[in-house]
Amino acid sequence: MSRQIHTVGVLPKLTLRALGLLVILLPATATTAVAQITFDGCGTIVEGVECDLFAPDSGGLYVTGLGSFQVGDYVHVTGTIDPFCITFCQQGDGCIFGTIELCDPVVDVAFVRGDLNVDGGFDIADPILLLSVLFTPGTPGLACNAAADANGDDGIDIGDTVYMLGTLFTMGPPPAAPFPDCDTVTLAALDCDSFSACP
Ligand SMILES: [Ca+2]
Ligand SMILES: [Ca+2]
């Protein structure tokens, strides 16, 4: 997916009230250090009264340079917040200086942890497959990497094999959720392209 990146900036304030503030406050604030509040998150562009605004998932309304993005777009904004910025937008909790790009959609996938070969069951074939993936060159990749993370630490390594063997043969704890039933999980570090054993 191609991404668009734009510089985010403050828009000049044009209202009479703001013009008064500009004359009085700008010389003073120019030399005043403002605490930097970092922002990194996704949200939706919404229509404000005077201009379009950025509404983060975490709450609030901010002025940003929206580039070619439009109302309804789900975007990722990274930068610093100036809560006292002056713009012609009468709404908003401040301005964000930084970049704006499309936000990757959250992927919710139903799968079962431990069932690496996606045959609908959990048995010795699953940790054996993981050994092959880890140590046998040429072994095809997994359809659902998240299923291989048996211990749920957001990584795939020999520890997951040991964990699965423990579950199967030494009464170790079961794989982390979702297990043994399918469930939908929002994945962070590992992906899951498909898992045909779940509806
Ligand atoms: Ca299996
Ligand atoms: Ca793991």
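**Entry 1. Strand pairing**

How many bridges join strand E2 to strand E3, and do they run parallel or antiparallel? I looked this up first: strand E2 (residues 37-47) and strand E3 (residues 52-56) run antiparallel and are joined by 5 bridges. I took two strands as paired where DSSP finds at least two bridges between them. The connection from E2 to E3 is a hairpin of 4 residues. Within this pairing I noted that Gly43 is placed opposite Pro56 of E3.

**Entry 2. Basis of the readings**

I record that this is a predicted model, in which local features need pLDDT of at least 70 and side-chain atom pairs count only at pLDDT 80 or more, whereas totals for chains, interfaces and linings use all residues. Residues are numbered from 1 along each chain as its sequence is written, and chains are lettered from A and ligands numbered from 1 in the order in which they are written.

The term pLDDT denotes the predictor's confidence in each residue, from 0 to 100. I found an average of 81 for the protein chain, with 80% of the residues scoring at least 70. Over residues 1-32 the pLDDT is below 50, and this stretch has 46 contacts in the model beyond near neighbours in sequence. Two residues are in contact here if their C-beta atoms, placed from the backbone, lie within 7 Å. Among the elements, helix H1 (residues 16-29) has the lowest mean pLDDT, 34, and H4 the highest, 98. Where pLDDT is low, the predicted coordinates should not be read in detail.

**Entry 3. Overall layout**

I counted elements as DSSP runs numbered from the N terminus, with helices (H or I) of at least four residues and strands (E) of at least two. The protein chain has 4 helices and 7 strands. Along the sequence their pattern is β-α-β-β-β-β-β-α-α-α-β.

For burial I counted the other C-beta atoms, placed from the backbone, within 10 Å of a residue's own: 20 or more is buried, 12 or fewer is exposed, and in between is partly exposed. By this count, 26% of the 199 residues of the protein chain are buried. I also noted that, of the contacts between residues at least 6 apart in sequence, 70% join residues at least 24 apart.

**Entry 4. Helix H4**

I then turned to H4, which has 12 residues and reaches 16 Å from its first C-alpha to its last. This is close to the expected 16 Å, where the expected span is 1.5 Å times one less than the number of residues. Which residues of H4 are buried? They are Asp160, Thr161, Tyr163, Met164 and Thr167. These residues lie on the same side of H4 because they cover an arc of only 160° around the axis, the arc being that of the directions from the helix axis to the C-beta atoms. An α-helix has 3.6 residues a turn, so residues three or four places apart point the same way. The cover over the buried residues of H4 includes H2 and H3. The face turned away from the buried side carries the exposed residues Ile158 and Phe169.

**Entry 5. The loop from H4 to E7**

After H4 comes Met171, whose phi is positive, near 60°. Met171 counts as exposed because it has 7 C-beta neighbours inside 10 Å.

Farther along I found two cis peptide bonds: one joins Ala177 and Pro178, with omega about 5°, and one runs from Phe179 to Pro180, with omega near 0°. Pro178 belongs to the loop between helix H4 (158-169) and strand E7 (183-186), as does Pro180.

Phe179 also lies in this loop. Is Phe179 buried, exposed or partly exposed? I list Phe179 as partly exposed because 19 other C-beta atoms lie within 10 Å. Not counting residues up to four places away in sequence, Phe179 touches Val112, Arg113, Gly114 and Pro174. Its C-alpha is 9.6 Å from that of Phe122, 57 residues apart along the chain.

**Entry 6. Loops on either side of H2**

Val118 is in the loop between strand E6 (108-111) and H2. Its phi is near 50°, a positive value in a residue other than glycine. I list Val118 as partly exposed, because 19 other C-beta atoms are within 10 Å.

Thr139 is in the loop between helix H2 (125-135) and helix H3 (145-148). With 13 other C-beta atoms within 10 Å, Thr139 is therefore partly exposed. Leaving aside residues up to four places away in sequence, Thr139 touches Ser132 and Val133. I noted last that Thr139 and Leu129, 10 residues apart in sequence, are 9.0 Å apart from C-alpha to C-alpha.
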